[in-house]
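Please open the structure in your viewer and keep the selection panel at hand. The stops below are arranged so that each selection leads to the next.

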Amino acid sequence: MSAWAKRTAQGWLLSIHAQPGAKRSAVAGIHGEALKLRLAAPPVEGRANEALVDFLADALGVPRKSVSVVRGASARRKTVLVASAQADPLLLLRL
């Protein structure tokens, strides 16, 4: 696979570099060993994390409850668990 997406027993662990406060949510490419996402939400009161979960769930076609931030909730660098074996993280690069 790639350095930013790792398969686990629970599904996929994604390394994300989040950039909150963008005009619209979108994939911005690879940033080191993480997938860079621009998020159309400010980094206050967890709104950027909610936007991240919503964006990933929609893009991967999984329920919102299957996506969770497991590390880095208040940092730009986050680890996100997508608890779905059927999800294909490479779809994110095609957005």
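**Stop one: the hairpin**

Select strand 3 (residues 26–31) together with strand 4; the two pair in the antiparallel sense, over five bridges. Please bear in mind throughout that this is a predicted model. Strands 3 and 4 form a hairpin with two residues between them. Centre the view on Gly32, which lies in the turn and has a positive phi of about 65 degrees. Within this pairing, display Ile30 and find Leu35, its bridge partner in strand 4.

**Stop two: the other side of the pairing**

Keep strand 4 (residues 34–39) selected and colour it by accessibility: five of its six residues are buried, leaving the strand mostly covered. Now add strand 2 (residues 12–20), which runs parallel to strand 4 and is joined to it by five bridges. Which residue of strand 4 is the bridge partner of Pro20? Select Leu39 to see that partner.

**Stop three: Ala48 in helix 1**

From Pro20 and Leu39, move to Ala48, which is in contact with both. Ala48 belongs to helix 1. Its further contacts, leaving aside neighbours within four places in sequence, are Ala41, Pro42 and Pro43. Is Ala48 buried or exposed? Ala48 has a relative accessibility of 10%, and because buried means under 20%, Ala48 counts as buried. Next, draw a C-alpha to C-alpha distance from Ala48 to Ser74: the value is 9.4 Å, although 26 residues separate the two in sequence.

**Stop four: Ser66 beyond the helix**

Follow the chain past helix 1 (47–60) and select Ser66, which sits in the loop between this helix and strand 5 (67–71). Ser66 has a relative accessibility of 13% and therefore also falls in the buried class. What does Ser66 touch, when residues up to four places away in sequence are not counted? Show Leu81, Val82 and Ala83 to see these contacts.

**Stop five: a patch on the surface**

Strand 6 (77–82) is the guide to the last stop, as Leu90 is in the segment after it. Leu90 is partly exposed, with a relative accessible area of 32%. Select Leu90 with Leu93 and Ile30, and switch on the surface: these residues make a nonpolar patch of about 240 Å². The tour thus returns to Ile30, the bridge partner of Leu35 from the opening hairpin.

Conventions. Residues are numbered from 1 along each chain as its sequence is written. This is a predicted model: local features need pLDDT of at least 70, side-chain atom pairs count only at pLDDT 80 or more; totals for chains, interfaces and linings use all residues. Side-chain values use heavy atoms; hydrogens and water are left out. Patches are made of residues with over 30% relative accessible area and no salt bridge: like charges are joined within 9 Å, nonpolar side chains (Val, Leu, Ile, Met, Phe, Trp, Tyr) within 5 Å. Accessible areas come from the Shrake-Rupley method with a 1.4 Å probe; for residues, only the protein chains shown count as cover. A salt bridge is a side-chain nitrogen of Lys or Arg within 4 Å of a carboxyl oxygen of Asp or Glu. Helices (H or I, at least four residues) and strands (E, at least two) are DSSP runs, numbered from the N terminus. Buried means under 20% relative accessible area, exposed over 50%, partly exposed in between (1.4 Å probe, protein chains only). Contact means heavy atoms within 4.5 Å. Two strands pair if DSSP finds at least two bridges between them.
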